[in-house]
Amino acid sequence: MARLDGLRALVTGGTSGIGAAIVDRLGSEGASVVFTGRNETRGREVAAHTGAEFVPAEARDGAAVRASVAAAVTSLGGLDALVANAGVLHDALLSETTDEAWDAVLETNLVGYVLYAVACLPHLRAAGGGSITMISSDAGVWGETAIGAYSVSKRAVNMLVQTLAVEAGPHAIRVNAICPGDTAPGMATHVGGRDESGDPASWTLPPLARVGTGADVAAAVAYFASPDGAFCNGSILLVDGGMRASIRASAAARAVERR
Amino acid sequence: MTGPLGLDVRFALVTGGTSGIGRASVGRLRAEGMTVAFTGRSVERGEAVARETGATFLACDHRDRVASDGAVERALELGSGRLDVHVANAGILFQGPIEATPETVFRELLEVNLTSLFRVARACFRPMCEHGSGSLIHIASDAGIRAVHELAAYSVTKAGVIAAAELFAVEGAPHGVRSNAVCPGDIVPGVQATPTGHEDHAEDPSGWVLPPSGRFGTGADVAALVAWLASDESEHVTGATLRIDGGTGAAMRVATRGA
């Protein structure tokens, strides 16, 4: 029997990158998965590849969020796990961030997560408990000036996870955050200014001397969603190869390169 | 008048200066000899504070972006383009967990507590850089460091404030501009500013537990820290998150190993 047999999961932003890897992983462990996204072409591709069901939705729009949750619950016959993943990145210093970019980042990464959590909580309670896993970022643990608004949004997400963990815990709903470091392929949904998927060759490496993969993050999601993660609630889990473990962590990878 | 902190001839903008910590900060900075402009929603209270302190009142509701921009422009005119200190204090609170926080209320807290703080700081940042000095003082909260789940939306937005304070610090340091987050604990009488129509969700101090110091904080406690951060006494302090809570946040206070 697979670890996630019988699990009914909703993954937001599942059409590319980390989200697509999560959809794939949860399905491969036996879960029934519905995933959302904005790009219908990529959504159909991921659905064909994984057997999961695609529901188009814009994470910033409360009505669209609630409609996609209702569609997922109807299709799955209930809900045991929400994976909030839909996010956008914007490359800019905070002082040079426009209102338009700020609003896009905060609305998608923060308000979108709030909307999905609030829409899913009654269904998770109806199922007798479950889990919410929010994909945050190592930039939420320790900010990066080059992605100012994104860093702010992810710090707020980590706090959202901890408030929700206390709020939902008594209903046997566990709420946790995963904070990936640089992961390739990079975020395809962005607010201008960056290559479609970023250039991993230009990234500073963590002590493990490689960039992360969607599969690295998906493995952590599967853990939190499974009974193996039964006592994790309010956890902020870094999946970043050690990048945030020390102020000068990146020097360790450069030492490896020199050897 | 010249105070011991040497703040005379300097100019400060305080947002949300008509009550609480903001009002105390306006009074303290004036007492130190500074020229001060402050914003606020209540014209009646604003004019009273202006009469009492000699500061300039700029009526402004920071939920209105056009009005907020206008107030900052007027403040910069008052300083002839020079601004030494910005105390980002305007904020609202909604007592309740995430699920009991209406979508409109969450968005309103995000707009006032985080987005308007970002927008005003961004407007102040450039003239400070051009002048080669300045101090951005962001009034966050201890709830931005560790979750207070009964103040969920407030906690989440204040976590974002701390992240923004750190990012402005790193950006501003090469230009002589400092940025710090002040995190007050329980300050009597609690945050009374709420989203419109939700006055019954102001902060309820009835459940407060006394800090290890044996008393709750006051606006004057926080204003003293604000004055220090405004002065050159703190010139190497930037990107700091300063709790001012009588020790509440220093350790978990629930005895879990028996008495």
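**Figure 1. The open sheet of chain B, with its seven strands in parallel pairing.** In this predicted model, the strands of the chain B sheet follow the order β3-β2-β1-β4-β5-β6-β7. At the edges stand β3 and β7 (241–244) of chain B, each of which pairs on one side only, and from one strand to the next the twist averages 20°. Within this sheet, strand β5 (residues 134–139) of chain B is joined to strand β6 (residues 177–184) of chain B by six bridges in the parallel sense, and B:Gly134 is found opposite B:Val177 in β6(B). Helix α5 (residues 152–172) of chain B packs on the sheet, where it touches β5, β6 and β7 of chain B, and its direction makes about 160° with that of β6(B).

**Figure 2. Helix α3 of chain B and its buried face.** Helix α3 (residues 65–78) of chain B consists of 14 residues and reaches 20 Å from its first C-alpha to its last, close to the 20 Å expected at 1.5 Å a residue. Its buried residues are B:Ser68, B:Ala71, B:Val72 and B:Ala75; seen down the helix axis, the buried residues of α3(B) fall within an arc of 95°, so they line one face of the helix. The face turned away from that buried side carries the exposed residues B:Val66, B:Glu73 and B:Glu77. The buried residues of α3(B) pack against β1 (11–14), β2, β3 (56–59) and α4 (103–131) of chain B. Just after the helix, B:Ser80 takes a positive phi of about 50°.

**Figure 3. Surroundings of B:Leu78 in helix α3 of chain B.** B:Leu78 has 17 other C-beta atoms within 10 Å and is therefore partly exposed. Leaving aside neighbours within four places in sequence, B:Leu78 is in contact with B:Ala37 and B:Thr56. The C-alpha atom of B:Leu78 is separated by 19 Å from that of B:Gly22, and these two residues are 56 residues apart along the chain.

**Figure 4. Surroundings of B:Thr39 in strand β2 (residues 35–40) of chain B.** B:Thr39 counts as buried because it has 27 C-beta neighbours inside 10 Å. When residues up to four places away in sequence are not counted, B:Thr39 touches B:Thr15, B:Gly16, B:Gly17, B:Leu58, B:Cys60, B:His62, B:Ala71 and B:Ala90; one of these, B:Ala71, is among the buried residues of α3(B). B:Thr39 and B:Phe57 lie 18 residues apart in sequence, while their C-alpha atoms are 5.9 Å apart in space.

**Figure 5. The open sheet of chain A and the helices α3 and α7 that accompany it.** Seven strands of chain A form this sheet in the order β3-β2-β1-β4-β5-β6-β9, with parallel pairing. Because β3 (53–56) and β9 (236–239) of chain A stand at the edges with a single partner strand each, one side of each is left without a neighbour in the sheet. The twist averages 20° from one strand to the next. Four bridges join strand β4 (residues 81–84) of chain A to strand β5 (residues 130–135) of chain A, and the two run parallel; A:Val83 stands opposite A:Thr133 in β5(A). Helix α3 (residues 62–76) of chain A lies across β1 (8–11), β2 (32–37) and β3 of chain A, running at about 160° to β2(A). Helix α7 (residues 214–225) of chain A packs on the sheet and touches β1, β4, β5, β6 (173–180) and β9 of chain A, with its direction at about 155° to that of β5(A).

**Figure 6. Helix α1 (residues 17–28) of chain A, a mostly covered helix.** The 12 residues of α1(A) should span 16 Å at 1.5 Å a residue, which agrees with the 17 Å between its end C-alpha atoms. Of these 12 residues, 10 are buried, including A:Gly17, A:Ile18, A:Ala21, A:Asp24, A:Arg25 and A:Leu26. The helix is followed by A:Gly30, whose phi is positive, near 105°.

**Figure 7. The contact between chain A and chain B.** Here 27 residues of chain A are in contact with 27 residues of chain B. On the side of chain A that touches chain B, the elements that give two or more residues are α4 (99–126) and α6 (148–168) of chain A, and α6(A) gives the most, with 13 residues. By class, this side of chain A has 16 nonpolar, nine polar and two charged residues.

Definitions and conventions: Residues are numbered from 1 along each chain as its sequence is written. Chains are lettered from A and ligands numbered from 1 in the order in which they are written. This is a predicted model: local features need pLDDT of at least 70, side-chain atom pairs count only at pLDDT 80 or more; totals for chains, interfaces and linings use all residues. A residue is buried if 20 or more other C-beta atoms lie within 10 Å of its own, exposed if 12 or fewer, and partly exposed in between; C-beta atoms are placed from the backbone. Two residues are in contact if their C-beta atoms, placed from the backbone, lie within 7 Å. The expected span of a helix is 1.5 Å times one less than its number of residues. The arc is that of the directions from the helix axis to the C-beta atoms. Two strands pair if DSSP finds at least two bridges between them. Axes are lines fitted to C-alpha atoms, for helices over the stretch in contact, and angles run from 0 to 180 degrees between N-to-C directions. Ala, Val, Leu, Ile, Met, Phe, Trp, Tyr, Cys and Pro count as nonpolar, Asp, Glu, Lys and Arg as charged, and the others, Gly among them, as polar.
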